[in-house]
Amino acid sequence: NHLRNITLQSMSRPSDVKVSRDIYLLCLGNPCMHVLTLEGDKLHSLITRGEGMSVLRPQFFCLDPLNNFVIGDDESHSIRVFSPEGNLLHTIGRKGRKQRMFSMPHGITITPNSRIVCESNIMT
């Protein structure tokens, strides 16, 4: 009885969803993060792809204990951390094969002690 179909006109190719105090829905076709209430009402949308935007090609994300969202960005090969309101807090990494360097970071999660863990493609 608690299932509800949510339709957003700007939603294109949803790729990842997380539920906490709100519902966070990441879309790939029109890269953005939709933030909805637990009832499914749209609060706002964040992070649109384009020049000067914070995330160029978001793929996967997770939420930390403070409800900040942590997004893997395939275009910049970095991880971006945003406040619940969508403000960029910090960027981790860049393209490469050394520590804190990534190639298309994905599979992002947060450990119980707030460490960010992710997978990265092997670069040759």
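A strand, in the sense used on this tour, is a DSSP run of E that is at least two residues long, and strands are numbered from the N terminus. Keep in mind from the outset that what you have open is a predicted model.

Begin by selecting the whole chain and colouring it by secondary structure: 12 strands and 0 helices are found in it, so that, read along the sequence, the pattern is β-β-β-β-β-β-β-β-β-β-β-β. With the chain still selected, switch to a surface view, where about 7600 Å² is exposed and carbon and sulfur atoms supply 49% of that area. Of the 124 residues in the chain, 40% are buried. If you display contacts between residues at least 6 apart in sequence, 32% of them join residues at least 24 apart.

Next, select β5, β6, β7 and β8, which form an open sheet of 4 strands in the order β5-β6-β7-β8, with antiparallel pairing. At its edges lie β5, residues 58–63, and β8, residues 88–92, each of which pairs on one side only. Turn the view slowly here, as neighbouring strands of this sheet are turned by 20 degrees against each other on average, with direction ignored.

Strands of a sheet pair through backbone hydrogen bonds, either parallel or antiparallel. To look at one such pairing, keep β5 and add β6, residues 69–73: the two strands run antiparallel and are joined by 5 bridges. Where, finally, should you look in β6 for the bridge partner of cysteine 62? Select valine 70, which is the residue in β6 that partners cysteine 62.

Notes. Residues are numbered from 1 along each chain as its sequence is written. This is a predicted model: local features need pLDDT of at least 70, side-chain atom pairs count only at pLDDT 80 or more; totals for chains, interfaces and linings use all residues. Side-chain values use heavy atoms; hydrogens and water are left out. Buried means under 20% relative accessible area, exposed over 50%, partly exposed in between (1.4 Å probe, protein chains only). Contact means heavy atoms within 4.5 Å. Accessible areas come from the Shrake-Rupley method with a 1.4 Å probe; for residues, only the protein chains shown count as cover. Two strands pair if DSSP finds at least two bridges between them. Axes are lines fitted to C-alpha atoms, for helices over the stretch in contact, and angles run from 0 to 180 degrees between N-to-C directions.
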